[in-house]
Amino acid sequence: MRTSAPVEVPDRLIASYARAFGDEGRDWIARLPTLAAEVLERWELRRDGAPGSGEASLVLPVVRADGQRAVLKLQLPREEVTAALVGLRTWDGEGTVRLLDHDPENGSMLLERLGDRSLAAVEDDDTAVGVLAGLLARLVAVPAPPELRGLGDIAAAMLEQVPRSARALADPADRRLLRDWASAVAELADRPGDRMLHWDLHYDNVLAADREPWLAIDPEPLAGDPGFDLWPALNSRWDQVEAAGDPSRVVRRRFDVLTETLGLDRRRAAGWTRGRLLQNALWDIEDGETALDRAAVTMAAALPR
């Protein structure tokens, strides 16, 4: 089967790979048009629109030989891609986009085609967080397969990093808050949980669909406690939340909906959410930041004790 003209890789993806992966990323991007052509031919796919991209993947709308509309997703093979394949195979379309085919060797996935409208387009926030909470409850109801990375290991690694990272913060108040978040994780680390988490379920990762009204996309599955999965929803549309003038109220409302829908212990869920704030802060400090993100500080203050 002959494919169409060579794929043009979006500038956004080129820049993202150079920034995140250096020479390895630039080499993979250089090979990407050839890889795309090979996968299109092998799976008998016809391109059906302009290429798109996220931070880590090239996305090609395609049509299968049987006429089914789909999406080809290509990304550098790494641990997160392997985890995504495990999660999508395990969920098998229950609350998530359906995996139609895949090649774990080169990181390619063929996914069902969903709509272009995301949950971020739903203006009423109670409606939006209710939809997301319902999907998340279905996803975390599934036990994690044994091959997924566990939250216990991640928590241990974070706690080991805290003393050094705290010293990089310029403000003593930020250092105290970072240690407070670490204390919350230390209290919970011996019971990390065994549910399959999405790890990145925010409003933009929920798309309208035909098979169901809404489906989750782009999972980064992890085995752990569902409380560790709430932060992306709490942080969704943050610029709009801040502009509205009362972000603490929105955080509390979203937290209430999420914990009620998922049936979570509020104190435990708040502790693991502080764990997500800790994880994000440690990443920021690794990147050279010397202050905590103000949105994270606001969110932490709004969470229950």
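**Close-up views of a predicted model**

**View 1. Helix α1 packs against strands.** The buried residues of α1 pack against five strands: β1 (46-47), β2 (52-53), β3 (57-63), β4 (69-75) and β6 (108-112). This is a predicted model. The buried set of α1 consists of L13, S16, Y17, G22, G25, W28, I29, L32, L35, A36, V39 and L40. An α-helix has 3.6 residues a turn, so residues three or four places apart point the same way. Just past the helix comes E44. The phi angle of E44 is positive, near 55°.

**View 2. Helix α1 is bent at F21.** Where does α1 bend? The bend falls at F21 and amounts to about 145°. The span of the helix can be set beside this angle. α1 contains 32 residues, yet its end C-alpha atoms are only 26 Å apart. A straight helix would reach 46 Å at 1.5 Å a residue. F21, the residue at the bend, is partly exposed because its relative accessibility is 24%.

**View 3. Three aromatic residues form a cluster.** The structure holds 3 aromatic pairs. In one of them, Y17 and F21 have ring centres 5.0 Å apart and planes at 45°, so this pair is tilted. Both residues belong to helix α1 (residues 11-42). They are 4 residues apart, about one turn of the helix. Y17 also pairs with W28, and that pair is stacked. The ring centres of Y17 and W28 lie 5.0 Å apart, with 15° between the planes. Ring pairs thus link Y17, F21 and W28 into a cluster. Is each ring residue of the cluster buried or partly exposed? Y17 has 0% relative accessibility, so Y17 counts as buried. W28 is buried too, with a relative accessible area of 4%. F21, at 24%, counts as partly exposed, because buried means under 20%.

**View 4. An arginine sits over a phenylalanine ring.** R276 lies over the face of F228. The distance from R276 to the ring centre is 5.1 Å.

**View 5. L303 is buried after the helix α10.** L303 lies in the segment that follows α10 (294-302). Its relative accessibility is 5%, so L303 counts as buried. Which residues does L303 contact, leaving aside its neighbours within four places in sequence? They are L234, V251, F255, A270, T273, R274 and L277. N235 gives a further reference point for this view. The C-alpha atoms of L303 and N235 are separated by 13 Å. Along the chain, these two residues are 68 residues apart.

**View 6. The whole protein gives the setting for the close-ups.** The secondary structure comes to 10 helices and 10 strands. The radius of gyration is 20 Å, close to the 19 Å that the globule rule gives for 305 residues, so the protein is as compact as a globular protein of that length. Along its principal axes, the C-alpha trace spans about 60 × 40 × 40 Å. Buried residues account for 51% of the 305 residues. What share of contacts between residues at least 6 apart in sequence joins residues at least 24 apart? That share is 72%.

Technical notes. Residues numbered from 1 in each chain as written. Predicted model: local features only at pLDDT ≥ 70, side-chain atom pairs only at ≥ 80, totals over all residues. Heavy atoms only, no water. Phe/Tyr/Trp six-rings, centres within 6.5 Å; stacked < 30°, edge-to-face > 60°. Helix = DSSP H or I, 4+ residues; strand = E, 2+ residues; numbered from the N terminus. Buried < 20%, exposed > 50% of the residue type's maximum accessible area, 1.4 Å probe, protein only. Lys NZ or Arg CZ within 6 Å of the ring centre and 35° of its normal. Expected span 1.5 Å × (residues − 1). Bend = angle between axes of the 7 residues up to and from the residue. Contact = heavy atoms within 4.5 Å. Rg over C-alpha atoms; globule rule 2.2 N^0.38 Å.
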